[in-house]
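Good morning, everyone. Please take a moment to look at the sequence and the model on the screen.

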Amino acid sequence: MSLSRVDRVLAQFELEPIPVDGRPFDPELMEAVEVAGDSGRPVGEVVEEIRRGYLWRGVLFRFAQVKVAR
C-alpha cells in the first residue's frame, strides 16, 4: 500500500497526526524516547519525530515518540 493510500484511510477514520517538529515537548501528547545533547536548539524543543502520534476526534489515540533537546 502506498503512503498516500494509508494517509487517506487514516483521514477516513478521523485520525490526524500530532504536529511535533520544532514544537515544545508536551507530555500530554508526546513520549520522550531520546535526548539530544548538542542540537543547538532550545531546551525542551522537539528535535526529531521517532514515531508519529495520532489524535482521534481531538482525543489522544497514540503518543508521539520524539527526540528532545537538552
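I shall describe the overall make-up, then one sheet, then the surface and the charges.

This is a predicted model, in which local features need pLDDT of at least 70 and side-chain atom pairs count only at pLDDT 80 or more, while totals for chains, interfaces and linings use all residues. Residues are numbered from 1 along each chain as its sequence is written, and side-chain values use heavy atoms, leaving out hydrogens and water.

The protein has 1 helix and 6 strands; these are DSSP runs numbered from the N terminus, with at least four residues (H or I) for a helix and at least two (E) for a strand. From the N terminus, the order is α-β-β-β-β-β-β. The C-alpha atoms fill a box of roughly 40 × 25 × 15 Å along the principal axes.

Now to the sheet. Strands of a sheet pair through backbone hydrogen bonds, either parallel or antiparallel. Here, an open sheet of 3 strands follows the order S1-S4-S5, with antiparallel pairing; two strands pair if DSSP finds at least two bridges between them. Its edge strands, S1 (15-17) and S5 (59-62), each pair on one side only. Between S1 and S4 (residues 54-56) there are 3 bridges, and Glu16 has Leu55 as its bridge partner in S4.

How many of the 70 residues count as buried? The share is 23%, where buried means under 20% relative accessible area with a 1.4 Å probe, protein chains only.

Finally, the charges: the mean positions of the 10 positive and 12 negative charges are 6 Å apart. Lys and Arg count as positive, Asp and Glu as negative, with His and the chain ends not counted; each charge is placed at NZ of Lys, CZ of Arg, CG of Asp or CD of Glu.

Technical notes
Buried < 20%, exposed > 50% of the residue type's maximum accessible area, 1.4 Å probe, protein only.
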